[in-house]
Amino acid sequence: MESQTPTTKASVVSSLMAAKRSSGKTFGQIASETGLTNVYVAQLLRRQAQLKPDTAPKLRESVPALTETHIHQMMEPPLRSYDPSIVQDPTIYRLNEAVMHFGESIKEIINEEFGDGIMSAIDFFCSVDKVKGVDGKDRVVLTFDGKYLPHTEHKVEHMVSRLNLQKD
């Protein structure tokens, strides 16, 4: 029999991460076994992404300590959020700094290559990889792979609500 269901996001995440630790596996190993990216596995276990029905059996097999309650919790739409104090963590601070430093140039290149638009953070894949640099030292490779979304011209005839009002 499973223990009482954790009710807060923090308690659910704590329980999910305990199940991961008990597996002895890294996010990368779980990703390899489930066909997901390592970052998406972390997002699932941190309740920042929703577990899909087809993936649930693979995740359950990869992380045996996950209970049916865990699986059901992970299949609920998550409350995607973050604690603003995490920006103080040096890794997150440096990621933020890198985006701020390179952001304008990245934006200019997106606009030059694609036109006036943005990269989606919804239709988006992310992974973290470790490679050896030319100097033999470890390097972090972050891949952000997002769908391009063009900005649209705001024409009245394209506004469905406006068109529906004109039919009356």
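**Group meeting: core, patch and annotated sites**

I'll start with Glu97, which is partly exposed, with a relative accessible area of 38%. Keep in mind throughout that this is a predicted model. Glu97 sits in helix 6. Partly exposed is the right label because the class runs between 20% and 50%, and the 38% of Glu97 falls there.

The reason for picking that residue is an annotation. UniProt, in an unreviewed entry, lists Arg94, Glu97 and Ser120 under "active site". Arg94 is also placed in helix 6, which covers residues 90-114. I take the listing as it comes from the record and go no further with it.

Next, the interior. The largest nonpolar core has 18 residues. Leu51, Leu59, Leu66 and Met74 are the ones with the most contacts inside this core. Which elements give two or more residues to the core? They are helix 1 (9-23), helix 2 (27-34), helix 3 (38-45), helix 4 (56-62) and helix 5 (68-75). Helix 1 gives the most, with five residues.

Let me take Leu59 as the example. Setting aside neighbours within four places in sequence, what does Leu59 contact? The list is Ile30, Thr34, Leu44, Leu51, Leu66 and Met74. Three of those names, Leu51, Leu66 and Met74, you have just heard among the core residues with the most contacts.

One backbone detail before the surface. Arg47 is in the loop between helix 3 and helix 4. Its phi is near 60°, a positive value in a residue other than glycine. Is Arg47 buried or exposed? Arg47 has 8% relative accessibility, so this arginine counts as buried; the cut-off for that class is under 20%.

Now the outside. There is a nonpolar surface patch of about 520 Å², made by Leu95, Met119, Val128, Val140, Leu142 and Phe144. Two elements give two or more residues to the patch: strand 1 (117-132) and strand 2 (138-150). Which one gives the largest share? That is strand 2, with three residues.

Phe144 is in strand 2. At 46% relative accessibility, Phe144 counts as partly exposed, because the exposed class needs over 50%. A residue can still belong to a patch at that level, because the patch criterion asks for over 30%.

To recap: an 18-residue nonpolar core to which helix 1 gives the most, a buried Arg47 with positive phi, and a nonpolar patch of about 520 Å² with its largest share from strand 2. That's what I have; questions are welcome.

Notes
Residues numbered from 1 in each chain as written. Predicted model: local features only at pLDDT ≥ 70, side-chain atom pairs only at ≥ 80, totals over all residues. Heavy atoms only, no water. Patch = residues over 30% accessible without salt bridge, like charges linked within 9 Å, V, L, I, M, F, W, Y side chains within 5 Å. Areas by Shrake-Rupley, 256 points an atom, 1.4 Å probe, with all protein chains shown as cover. Salt bridge = Lys/Arg side-chain N within 4 Å of Asp/Glu carboxyl O. Helix = DSSP H or I, 4+ residues; strand = E, 2+ residues; numbered from the N terminus. Buried < 20%, exposed > 50% of the residue type's maximum accessible area, 1.4 Å probe, protein only. UniProt positions renumbered as here; feature names shortened; annotations may be inferred. Core = buried A, V, L, I, M, F, W, Y, C linked by side-chain atoms within 4.5 Å. Contact = heavy atoms within 4.5 Å.
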